Amino acid sequence: MAASTNFDFIYEPIKEKMREILSHITYITYIEKLRPVDVDGRFIVLETPNENFAQYLTGTIAEKMREAIVKADVGVSDFRLVVEGSSEYAYNAPAEESYTPPSSLDKKYTFDSFVVGKNNEFVYAAALNVAEDPAGTYNPLFIYGGTGLGKTHLVQAIANKIVAEKPNLKVVYVTCEQFVNEIIDAMFTGRGPDARDRGNRLRQRYRSADVLIVDDIQFIANKKAVQEEFFHTFNELVSKGKQIVISSDQPPKELTALEERLKTRFSGGLVFDILPPNFETKVAILKRKAFEKKCLVPDEVLTFLAQDSGDDVRTLEGRLTKVIFASKLHEVPITVALASSALNEAVSEDGKEEITADSIINAVCSYYRVKRDDLVGKCKKKELVQPRQICCYLMCELLSLPLMSIGKALGNRNHTTILYSRNKVEEIKQVNDRIAKDIDDIKNIVLKK
Ligand code: ADP
Ligand code: MG
């Protein structure tokens, strides 16, 4: 039947694995008689000839079947059965095996930890509404604003809240850069059925989402094939009544190099901006961040830090971190005087040597035993890429320099690359203790020299 052939590309590799894992007789008697009829989220739906058949499969060999499905690595991880002639699931997979939410979410990005001010009250309300009622009033939701103003925080807050409160919904969160890379990978590396299958699996992953969040959509600019793919994913999800959330550094109509039809689509939803915070909101944000870092920072210091701090909340937070750091380092209370000196001259522990881009680059080089030219160079070998990204991260954390200047100091890189590396290390650090320790060690080298 035509319907079955549609899913053969997923089922064939699974059958291969089942042939390896199950006994020959079981394979011939049962597996050969199953028919893939649908894919539902992470489940492949298999049709069995009758009820008894289904019962046997669910009881005796279900675990092994699941093992084969996972090993086949085709984008599904479990199965459901329907008996021929019925449209209802005969046996659902056990509930505890629900899909695993995206690991790239940062748990600290919540609605609670997001400070609401005049600059973001509408976007906050819209985001909260989406998290409470996905695919309700605000769909698709499009959020735009300058760098470091809280877009990622807000869209991840949506994801975190839905993951926590509506575990039956499949949330897919992806940075646009990751989306682009995956699509390009699947589409253009290799040809033939294998590459096609990879494309299909990827498509399946995105199109089975209940909530799809794409952060920093501007990265899709100028990539025609990816835009095409995204356009179809977008349409399919919208037509199925699924929620879409998009963030961008610009409003849809100003995303030049974006296909007109995508712009129209984005503008068709609800578009909200995040503006730079005013002075009061900056102070409130600093207060919140100090609280999160479990530090008591006097109001006059918060006020001092908020003054002349530019628009970017990330930089604002960096100023606070630096002052808290200086206070711990010198074991002195946090005062305006300390803040002033900590911000004016980033000093190391012995109070003499200044922390500079160079001192960080040197520390990273000596720690990982790589040459400076290689570190700042363009070579993409793994042994260099990670130290380079960690170097970016440390420079962002320890220097109060704009991303552009950091990029310049690190081999003339674009500020988006710096931002990407910084965020990536921030992410990896959460899940990889070794890297977190490396970072601490290098920080100590920089500070104690
Ligand atoms: P963007 O994605 O817009 O570049 P982020 O969401 O990464 O910005 O925000 C940068 C930093 O600033 C994050 O640590 C985030 O928690 C913080 N931040 C931004 N806006 C707020 C806010 N209104 N309340 C609390 N923290 C904020
Ligand atoms: Mg962001």
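## Ligand 1 between two domains, and the packing of helix 13

The shell around ligand 1 takes at least three residues from domain 2 (121-274) and at least three from domain 3 (279-344), in what is a predicted model. In total, 17 residues surround ligand 1, and the closest of them are Gly150, Lys151, Thr152, His153 and Val313. Helix 6 (151-165), helix 11 (279-292) and helix 13 (313-330) are the elements that contribute two or more residues each to this shell. Sorted by class, the shell around ligand 1 comprises five nonpolar, eight polar and four charged residues.

The domain assignment of the protein, set out below, also includes domain 1 and domain 4.

| Domain | Residues |
|---|---|
| domain 1 | residues 2-91 |
| domain 2 | residues 121-274 |
| domain 3 | residues 279-344 |
| domain 4 | residues 357-448 |

Between the C-alpha centres of domain 2 and domain 4 there is a separation of 29 Å.

Helix 13, which gives residues to the ligand shell, also packs against another helix. Two packed helices are described by the angle between their axes and the distance between the axes. The axes of helix 13 and helix 14 (residues 336-344) come within 9 Å and cross at roughly 110°, and the two helices are therefore roughly perpendicular to each other. The crossing in which helix 13 passes helix 14 is right-handed. On the side of helix 13 the contact is made by Arg319, Lys322, Val323, Ala326 and Ser327, and on the side of helix 14 by Leu338, Ala339, Ala342 and Leu343. By class, this contact of helix 13 with helix 14 has six nonpolar residues, one polar residue and two charged residues.

Key. Residues numbered from 1 in each chain as written. Chains lettered and ligands numbered in written order. Predicted model: local features only at pLDDT ≥ 70, side-chain atom pairs only at ≥ 80, totals over all residues. Near = placed C-beta within 6 Å. Helix = DSSP H or I, 4+ residues; strand = E, 2+ residues; numbered from the N terminus. Nonpolar A, V, L, I, M, F, W, Y, C, P; charged D, E, K, R; others polar. Domains from an automatic or database assignment. Axes fitted to C-alpha atoms, helices over the stretch in contact; angles between N-to-C directions. Parallel < 35°, antiparallel > 145°, perpendicular 65-115°, else oblique. Left-handed = near helix turned anticlockwise from the far one by under 90°. Contact = placed C-beta atoms within 7 Å.
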